Amino acid sequence: MSRILVRGGRVLDPSTDRDEVMDVLLESGRIASLGRDLRVDDAQVVDAAGCWVMPGFIDLHSHLREPGQEYKEDIATGGRAAVAGGFTAVACMANTQPVNDDPATTDFIIDRARQDSPARVYPVAAATKGLEGQVMTEMAALVDAGAVAFSDDGRTIMDSGVMRHVLEYSRLVDAPVITHAEDRTLVAQGVMNEGAVSTRLGLPGNPSIAEDVLVARDLMLAEFTEAHLHVAHVSTRGAVDLIRRARDRGVHVTAEVAPHHLTLTDEAVTGYDTHAKVAPPLRSEADRDACRAGLVDGTLDAIATDHAPHAQHEKELDFVEAPPGMIGFETAAAVTLELVRSGELTPLEWVRRLSTNPARILGRPGGSLGEGRPADVTLLDPERIWVYDPAKGCSKSRNSPWAGKQLTGRIVATLVEGRRVYDVERGPLT
Amino acid sequence: MSQPSLLGIEDLEPGEILRILDAAEHMVEIGHRTVKKVPTLRGRTIVNLFFEASTRTRASFEIAGKRLSADVVNFSPSSSSLKKSESILDTARTLDAMDPDVVVVRHAVAGVPKRVADVLSAPVINAGDGAHEHPTQALLDCFTVRQQKGRIDGLTVTIVGDILHSRVARSNIYAFQKLGAEVRIAAPPPMIPPHVEQMGVKAFTSLREALDGADVVMALRIQNERLAGAYFPSAREYSATYGIDRAKLGYAKDDVIVMHPGPVNRGVELSHDLADHRPSVILDQVRNGVALRMAVLYLYAGRRRVDESPETRDR
């Protein structure tokens with residue numbers, strides 16, 4: 001197997017709290033050694049001067065749309081978009097067609113990923129059959145097939161009794177239950193955050209209390225059942241407070257926040273741009289600031305993209321009919337680097353939330369540049385300025401609120417298991 | 001007009017509102033003639049693009065266009081053929097290829113006229129979008145109040161009813177405030193939009209307090225079937241607490257006028273006798289609507305951008 005020497009980059013490894021300029025040698029798909037001025041014969045050299053060298057990012061939340069909606073994305077294009085954004089592994093949600101509620105579908109996703117995807121793919125299986133919130137899925141069989149977590153993402157389990165048993169049963173398989181926490185009766189017809197902006201625009205509002213109420217319920221159920229609850233895409237100040245207090249009480253809860261909820265507000269909906277329609281919706285400034293503070297103090301463990309591709313003709317429907325969601329793999333790093341530039345996060349803590357913490361939450365390898373670990377490595381030029389054009393990106397879809405925007409910080413190379421799978425000049429290499 | 005399209009009152013300067021009202025004064029007289037037609041827009045094509053069913057507003061725009069000698073085409077994509085298959089922007093692009101001079105758009109969802117305007121070369125007149133704006137209704141309401149009171153500046157206007165779902169309310173809040181009136185709203189608490197005070201209005205749950213000293217009372221239509229039980233208990237309770245009748249008008253000024261954008265749920269928003277008689281001016285509103293829409297079509301038609309539609313610019 002070939003050897004790759006990543007030379008002269010700033011190595012940021014949260015698993016060992018390492019932040020120093022050094023070389024990294026990759027061999028046989030593993031991190032072989034780290035050191036200053038490593039001398040290696042016959043190794044392919046990657047010049048990382050001026051770059052950050054990090055354990056590959058791991059995305060806890062994405063939609064790859066295969067099987068069933070390949071016109072939006074498939075595992076091959078989604079995987080290429082992932083590595084173009086520095087993600088060496090992505091968890092994909094179960095709302096495919098058919099729903100990933102059966103080991104055969106999980107098998108299919110894993111097979112397809114092995115053939116087509118440069119990124120590792122971790123299927124999240126449905127928590128209930130058909131995402132209908134009634135009948136539990138066969139969790140043990142799904143975990144045997146390769147499922148890493150359970151979620152009815154996008155379709156909150158409204159029946160508290162069902163949620164209780166899902167959480168209880170998940171202890172058998174030791175996998176987290178991921179909640180998309182929105183009380184559907186409070187969301188009602190809402191299509192954007194309820195507040196001054198929805199009042200001005202005349203669009204039906206989705207109140208922050210819809211999230212708070214469900215997060216409160218699920219935290220109480222997690223405490224009661226002693227299961228591992230993971231709260232997806234936290235968007236409200238109330239939810240951050242509830243999670244912080246639950247964590248203090250010793251509840252086994254982890255949580256993620258999406259780049260758009262860290263950086264945008266409901267003002268982005270002005271002009272009725274459906275690219276700003278997402279679930280949960282872009283919230284108020286106070287909510288956004290609370291999410292940032294929660295990410296900084298560790299209440300929110302991870303940054304997860306909720307990459308949700310939709311076709312152009314779907315986003316050209318009116319604001320009520322257009323489906324919620326935005327693509328996020330290729331912009332996540334640049335967009336969230338804002339928190340590093342502002343001084344809210346050190347580079348090391350930023351990497352922790354994109355790599356080390358997601359690996360821990362899923363119980364997967366990765367998230368570390370320690371010797372002997374898988375050689376999943378991401379290189380970033382934090383100063384590089386570029387204009388994001390989704391048409392030139394790797395995803396099949398283009399639904400991004402950052403289309404045409406100038407961004408700072410770009411992924412320059414991605415390696416999975418010691419193989420170069422992405423290079424900024426040449427694009428995806430698989 | 002500073003903008004090519006009339007998408008909402010929020011975008012208008014007070015001077016622009018007055019210019020439209022003044023132009024409407026001239027149009028009123030045309031409606032009094034035996035031959036109610038002038039050649040102003042001869043050879044121009046006006047498309048009424050109504051995604052949402054409407055009889056009154058569409059008829060008003062159609063009559064207005066015809067009195068100005070324009071060719072008026074009614075285009076009502078049925079909701080079934082549009083559902084999922086053709087996006088609103090595809091509809092707009094198709095229409096644009098037919099070179100209309102003005103497109104009047106109504107849609108049940110807020111923001112559609114704006115997005116249609118983004119791809120059309122022709123100016124767009126918003127004829128009502130969701131709970132966002134209904135600018136021509138607010139302009140005709142201002143016109144009617146000015147006609148009745150001789151001024152708008154310094155008046156107190158109280159809007160009563162389903163503010164949350166009302167595009168008429170939003171447009172009127174902007175319009176009357178821009179012309180110097182104080183605007184109050186009164187509604188059952190679930191129908192007061194969140195943070196509505198940021199629009200500069202004072203919100204009341206007590207009708208009595210809201211009416212105290214009012215010069216104009218505007219009752220809004222309650223969508224009885226859809227909302228009763230969820231936003232207010234029943235039509236009977238609504239009528240008792242928020243319905244306007246002669247007794248409740250006693251809280252307002254002696255010369256108060258009563259308005260309603262129509263159609264009225266008689267005995268719910270307004271008592272039966274008020275719907276037809278003074279101080280209600282509901283039919284004046286309808287009559288003025290034609291003149292006002294003539295003024296709007298006159299001021300916005302002929303502003304078609306030939307060389308730089310956003311579509312061509314983007315490509």
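At what angle do helix α4 (residues 160–173) of chain A and α7(A) pack, and how far apart are their axes? In this predicted model, the two helices meet at about 45 degrees, and 9 Å separates their axes. An angle of this size makes α4(A) oblique to α7(A), and the crossing is right-handed. On the α4(A) side the contact is formed by S160(A), M163(A), R164(A), L167(A) and E168(A), and on the α7(A) side by R217(A), D218(A), L221(A), A222(A) and T225(A). By class, four of these residues are nonpolar, two are polar and four are charged. The loop between α7 and β13 (229–231) of chain A contains E226(A). This residue has a positive phi of about 60 degrees although it is not a glycine. E226(A) counts as exposed because 12 other C-beta atoms lie within 10 Å, the cut-off for that class being 12 or fewer.

A second helix pair in chain A is formed by α8(A) and α10(A), which pack at about 30 degrees with their axes 8 Å apart. The two are therefore roughly parallel to each other, since angles under 35 degrees fall in that class. R237(A), V240(A) and R244(A) of α8(A) are in contact with a set from α10(A) consisting of A286(A), D287(A), A290(A), C291(A) and G294(A). The contact comprises four nonpolar residues, one polar residue and three charged residues.

Helix α10 of chain A covers residues 285–297. At 1.5 Å a residue, its 13 residues should span 18 Å, and the end C-alpha atoms are 18 Å apart, so expected and computed spans agree. Buried positions in α10(A) are D287(A), R288(A), A290(A), C291(A), R292(A), G294(A) and L295(A). The elements covering them include α7 (208–225), α8 (237–249), β14 (253–257), α9 (259–263), α13 (338–341) and α14 (347–362) of chain A. After α10(A) comes G298(A), with a positive phi near 95 degrees.

Most residues other than glycine have a negative phi, and most peptide bonds are trans. Besides E226(A), a positive phi is found at L131(A), about 55 degrees, although this residue is not a glycine. L131(A) is placed in the loop between β8 (120–125) and α3 (139–145) of chain A. With 22 other C-beta atoms within 10 Å, L131(A) is buried. A cis peptide bond links Q97(A) to P98(A), with omega about 0 degrees; P98(A) is in the loop between β7 (87–92) and α2 (103–116) of chain A. In chain B, G262(B) and P263(B) are joined by a cis peptide bond with omega about -15 degrees. The loop between β9 (257–259) and α12 (272–276) of chain B holds P263(B).

The contact between the chains takes 16 residues from chain A and 22 residues from chain B. On the chain A side, helix α6 (residues 196–201) gives the most, with three residues. That side divides into seven nonpolar, six polar and three charged residues.

Within chain B, helix α5 (residues 112–119) is largely enclosed by the rest of the structure, because seven of its eight residues are buried. These are V112(B), P113(B), K114(B), R115(B), V116(B), A117(B) and V119(B). L155(B), in the loop between α6 (135–149) and β5 (156–160) of chain B, is partly exposed, with 19 other C-beta atoms within 10 Å. Apart from neighbours within four places in sequence, L155(B) is in contact with K149(B), A181(B), D215(B) and V216(B).

Note on methods: Residues numbered from 1 in each chain as written. Chains lettered and ligands numbered in written order. Predicted model: local features only at pLDDT ≥ 70, side-chain atom pairs only at ≥ 80, totals over all residues. Helix = DSSP H or I, 4+ residues; strand = E, 2+ residues; numbered from the N terminus. Expected span 1.5 Å × (residues − 1). Buried ≥ 20, exposed ≤ 12 C-beta atoms within 10 Å, placed from the backbone. Contact = placed C-beta atoms within 7 Å. Axes fitted to C-alpha atoms, helices over the stretch in contact; angles between N-to-C directions. Parallel < 35°, antiparallel > 145°, perpendicular 65-115°, else oblique. Left-handed = near helix turned anticlockwise from the far one by under 90°. Nonpolar A, V, L, I, M, F, W, Y, C, P; charged D, E, K, R; others polar.
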